[in-house]
Amino acid sequence: MKKLLYKYRLSALLSAILLSASIAPAKADEVILYPFDPVPQKLAQYTRNTATTYLNQGLQLIQAQRVEDAIAAFREAIRLEPSLAPAHYNLGLALRQMGQLQPAADAFYRATQVDPKFALAYANLGGALLEGNNISQAENYLQQALKIDSRLGVAHYNIGLLHQHKEDCKKAIRSFQKAVKYSNKAPEPAYQIGLCYMQERKFRRAKNAFEQAVKINPKYPEAHYNIGSILYTQGKHEQALDAFRKAAAANPNYPSAYYGAGLVFIQLKQYPDAMRVLEYARDLFLAQNNPQWASNAERLIQQAQNFTYQIPQ
């Protein structure tokens, strides 16, 4: 597979089914489970048995969050049995989890070469290419995934991201809706639908989509935050504050939640509370290398201080 140039990252969804002959699928961090039948293994062969042993060890290491050791195990499985498609696929997932997009894409590509009918491998290859801004190749592989399995939610999701990247929200929404249909336990498609409707300023539909996302995953901070943002713009400050609190509860290190709460407290003229949460937001933004939003928070802190001095004692 020729080298791919990665310019910047999109949050493409990578399916996290970890395939093996004898153990249940394992869930890797920051990826989502999708139902998929394991690839049959010919366990009668001694070499394949040994390779499968390493594959299963890799899956167990993923469960134990020992990703680097899992990568070594998957590579050993591939060395022993280069035609073991699940080993290539799981190596790709593990490398993706480590942020190594190019090696991950190469591993997914090898999985498709070993098993040309491996729809998930095509979908994840397309997702990795999409993250690297290789749009044309990404689209080709995603379409190939759907040609093999038209009900593959992760492929529809990644095509939705592709349309979103092209600023075609209507096509993106249609793809995300298919992803919702075929992957109804994944909150990300509904969330992305909400973002598209936000861009189109269809706030009621956006709020409905974000609420669908948090119904699937109540600990989805970005979805709670966007619900709060919509409520804030509608002047529903108490409801917005509740949504921002849910965002912070879902992820205490999510600075936008505290920033949003600070805006609400200013509107409610609760300036000491505003300064408290905005200072926390500022410090989190700085810790996460986001100086622009840290500066925005600092300006709001100064505004809240000025309002405080104007309150009669």
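In this short talk I will go through the fold, two helix pairs, the salt bridges and two buried residues of the structure above.

Let me say at the outset that this is a predicted model, and that the values I quote were computed from that model. The chain has 313 residues, of which 51% count as buried, and its secondary structure consists of 15 helices and zero strands. If we take the contacts between residues at least 6 apart in sequence, 53% of these join residues at least 24 apart.

I will begin with the packing of helices, and with the pair H13 and H14. Helix H13 covers residues 255–267 and helix H14 covers residues 271–287, and their axes lie 8 Å apart at an angle of about 160 degrees. Because angles over 145 degrees are counted as roughly antiparallel, H13 and H14 fall into that class with respect to each other. The crossing of H13 with H14 is left-handed. From the side of H13 the contact includes Pro 255, Tyr 258, Tyr 259, Phe 265 and Ile 266, while among the H14 residues that they meet as a group are Tyr 271, Val 277, Leu 278, Leu 284 and Phe 285. When the residues of this contact between H13 and H14 are sorted by class, 14 are nonpolar, two are polar and one is charged.

The second pair is H9, residues 188–199, with H11, residues 221–233, whose axes come within 11 Å and cross at roughly 30 degrees. With the limit for the parallel class set at angles under 35 degrees, H9 is therefore roughly parallel to H11. The crossing of H9 and H11 is also described as left-handed. Here H9 contributes Tyr 191, Leu 195 and Met 198, and H11 contributes Glu 222, Ala 223, Asn 226 and Ile 230. By class, the contact of H9 with H11 is made up of five nonpolar residues, one polar residue and one charged residue.

Let me turn now to the charged side chains. How many salt bridges does the structure hold? The count is ten, and I will take a few of them in turn.

One of them joins Lys 166 to Glu 139, with 3.2 Å between the closest N and O atoms. This pair links distant parts of the chain, since Lys 166 sits in the loop between helix H7 (153–165) and helix H8 (169–182), whereas Glu 139 belongs to helix H6 (residues 135–148), and the two are 27 residues apart. Both partners are partly exposed, Lys 166 at 44% relative accessibility and Glu 139 at 25%.

Another salt bridge is found within helix H10, where the side chains of Glu 211 and Lys 207 meet at 2.5 Å, N to O. Why are these two residues separated by about one helical turn? The reason is that Glu 211 and Lys 207 are four residues apart in H10, which covers residues 203–216. Glu 211 counts as partly exposed at 32% relative accessibility, and Lys 207 is likewise partly exposed, at 22%.

A further salt bridge brings together Lys 202 and Glu 200, at 3.5 Å from N to O. Lys 202 has a relative accessibility of 34% and so counts as partly exposed, and Glu 200, at 24%, is placed in the partly exposed class as well. There is, in addition, a network of salt bridges that links Arg 282, Asp 283 and Glu 298.

I will finish with two buried residues. Leu 129 is part of helix H5, residues 119–131, and since its relative accessibility is 0%, Leu 129 counts as buried. The C-alpha atom of Leu 129 is 6.9 Å from that of Ala 105, although these residues are 24 apart along the chain.

The other residue is His 163, which lies in helix H7. Is His 163 buried or exposed? With a relative accessible area of 13%, His 163 is buried, because the limit for that class is under 20%. Leaving aside residues up to four places away in sequence, His 163 touches Asp 168, Lys 171, Ala 172 and Ser 175.

To sum up, this predicted model shows a chain of 15 helices and zero strands, with the pair H13 and H14 roughly antiparallel and the pair H9 and H11 roughly parallel, and it holds ten salt bridges.

Methods. Residues numbered from 1 in each chain as written. Predicted model: local features only at pLDDT ≥ 70, side-chain atom pairs only at ≥ 80, totals over all residues. Heavy atoms only, no water. Salt bridge = Lys/Arg side-chain N within 4 Å of Asp/Glu carboxyl O. Buried < 20%, exposed > 50% of the residue type's maximum accessible area, 1.4 Å probe, protein only. Axes fitted to C-alpha atoms, helices over the stretch in contact; angles between N-to-C directions. Parallel < 35°, antiparallel > 145°, perpendicular 65-115°, else oblique. Left-handed = near helix turned anticlockwise from the far one by under 90°. Contact = heavy atoms within 4.5 Å. Nonpolar A, V, L, I, M, F, W, Y, C, P; charged D, E, K, R; others polar.
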